[in-house]
Amino acid sequence: MSASICAFALTFSTLCGSRVVSGVLSTPTNVHLTSYNLNLVLRWDSPEQPASSLIYTTEYKSTFTDYKVGCVNISTLECDFTMCPNISVFEYGKYRGRVRAQLGTESSAWVESNQITMDRDTIIGPPSVSLLSNGGVVEVSIKDPLFKISALRNVYNLATYNITYWKDGQKEKARNISNVQQNRVVLSDLDPWTKYCVQVQINTGSNHNPSQPSKAVCESTTIDEEAPWVVAVGMFVAMVAGVALVVVAVVYRKKCLHPKYVLPQHFEEYLLAPPNSSLYLIMQNSHPPEEIYDQVSVIADNRTLEEGRPLEAAGSSCSQQPDTSMLTPQQGRDRTKRDRLKNAEAMEKS
């Protein structure tokens, strides 16, 4: 009788699949609580013999609180507790989670996860790194990863950077700079015209492990920049040269607009030498010619004209003698002769 009962139980268990002898669902497996950049996520695997329509319910608790409801009736295999109430990296740093499977009205037993302390166990993601080549040096800029709760520097105020750099293709000869607190570092001991690659990790001190390493970023150097005083001297020389060019241009332009012609030496001697022409010498030694002129007298006549008018009245309408004060002596003599002839003719007619 007992043998038949055991056989029946085994057959029933095999037919029910995910159900155990007691009629309760099989529990989820590999339940574990994780944290990445200060989030809080519970993950698990399906039961060994899962049903097609299983759903899950999760809960979480801290060291000082009892379990609180997390995700309810979900079909996924994870639950994010980060935004749930009372989740804080400072006040309740140690957390634990649990999950159970459900099928209709039946539920599996709860399965608890491991316990984690968020600031000590969280996995810190890689920082962002950018490079700027400036002559013979490379400037490294580092940006912290974004955290779900708070910020990296608020949780890890003593965080430092570990910078590794090497020539491209020679990572086995990499050099390191540790305990760097600034997020901007200048690499100066570099060869010119060489490509360098840089990788950065974050060390927090309170976390068990450093952050994930950043992606390797590469940049090439050129040549060393000149000292500031060299640049200043160069600018001063350039300014002086510019002023000199402006002065030369102004002077040259003045000469172009007002050119100064220079006569040949034999031209100057010819023009400055005294003339030796015989005609010029005669004119220089001769006396000015004597001017010959006659004295002119004007006689008034009281006789009347043919029209019966007095001569004085008629004379008022006649043109007077022209002014000879502006004539040359020769012109005055000629005019005097012409006037005498006219007067003689007039007297003959009368």
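This report walks through the disulfides, one small sheet, a nonpolar core and some backbone details of the structure above. Please keep in mind that this is a predicted model.

## Two disulfides

Let us begin with the cysteines. A disulfide is a covalent bond between the sulfur atoms of two cysteines. How many disulfides are found in the whole structure? A search turns up 2 of them. Here they are side by side.

| Disulfide | S to S | Torsion about the S-S bond | Handedness |
|---|---|---|---|
| Cys71 and Cys79 | 1.9 Å | 80 degrees | right-handed |
| Cys197 and Cys218 | 1.9 Å | about 95 degrees | right-handed |

If you number the bonded cysteines of the protein in sequence order, the pairing reads 1-2, 3-4.

Now look at where these cysteines sit. Cys71 and Cys79 are both buried. In the other pair, Cys197 counts as buried because its relative accessibility is 3%, and buried means under 20%. Its partner Cys218 has a relative accessibility of 31%, so Cys218 counts as partly exposed.

What does the pair of Cys197 and Cys218 tie together? Cys197 belongs to strand S15 (residues 195-203) and Cys218 to strand S16 (residues 217-220), so the bond ties together parts that are 21 residues apart in sequence.

Why does Cys84 not bond to Cys79? The closest cysteine sulfur to that of Cys84 is the one in Cys79, but at 6.1 Å it is too far for a bond; a disulfide needs the two sulfur atoms within 2.5 Å. Cys84 has a relative accessible area of 17%, so Cys84 is buried.

## A small open sheet

Next, follow the chain to strand S1 (residues 29-34) and strand S2 (residues 41-45). These two run antiparallel and are joined by 4 bridges. Across this pairing, His32 stands opposite Arg43 in S2, and Leu33 stands opposite Leu42 in S2. S1 and S2 form a hairpin, with 6 residues between them.

The hairpin is part of an open sheet of 3 strands, in the order S1-S2-S5 with antiparallel pairing. Which strands stand at the edges? They are S1 and strand S5 (78-80); each has a single partner strand, so one side of each is left without a neighbour in the sheet. On average, and ignoring direction, neighbouring strands of this sheet are turned by 10 degrees against each other.

## Residues with a positive phi

The hairpin turn also holds some backbone details. Asn37 in the turn has a positive phi of about 55 degrees. Leu38, in the loop between S1 and S2, has a positive phi of about 65 degrees although it is not a glycine. Is Leu38 buried or exposed? With 0% relative accessibility, Leu38 counts as buried.

Ser150 also has a positive phi of about 65 degrees, although it is not a glycine. You will find Ser150 in the loop between strand S11 (137-143) and helix H3 (152-155). Ser150 has a relative accessible area of 35%, so this serine is partly exposed.

## The nonpolar core

Finally, turn to the largest nonpolar core, which has 47 residues. Which of them touch the most other members? They are Leu40, Trp44, Phe81, Ile87, Met118, Tyr156 and Val198.

Phe81 links back to several residues you have already met. Leaving aside its neighbours within four places in sequence, Phe81 is in contact with a list of residues including Leu33, Leu40, Leu42, Cys71 and Ile87. Of these, Leu33 and Leu42 stand opposite each other in the hairpin, and Cys71 is joined to Cys79 by a disulfide.

Terms used
Residues are numbered from 1 along each chain as its sequence is written. This is a predicted model: local features need pLDDT of at least 70, side-chain atom pairs count only at pLDDT 80 or more; totals for chains, interfaces and linings use all residues. Side-chain values use heavy atoms; hydrogens and water are left out. Buried means under 20% relative accessible area, exposed over 50%, partly exposed in between (1.4 Å probe, protein chains only). Two strands pair if DSSP finds at least two bridges between them. A nonpolar core is a set of buried Ala, Val, Leu, Ile, Met, Phe, Trp, Tyr and Cys residues joined through side-chain atoms within 4.5 Å. Contact means heavy atoms within 4.5 Å. Axes are lines fitted to C-alpha atoms, for helices over the stretch in contact, and angles run from 0 to 180 degrees between N-to-C directions.
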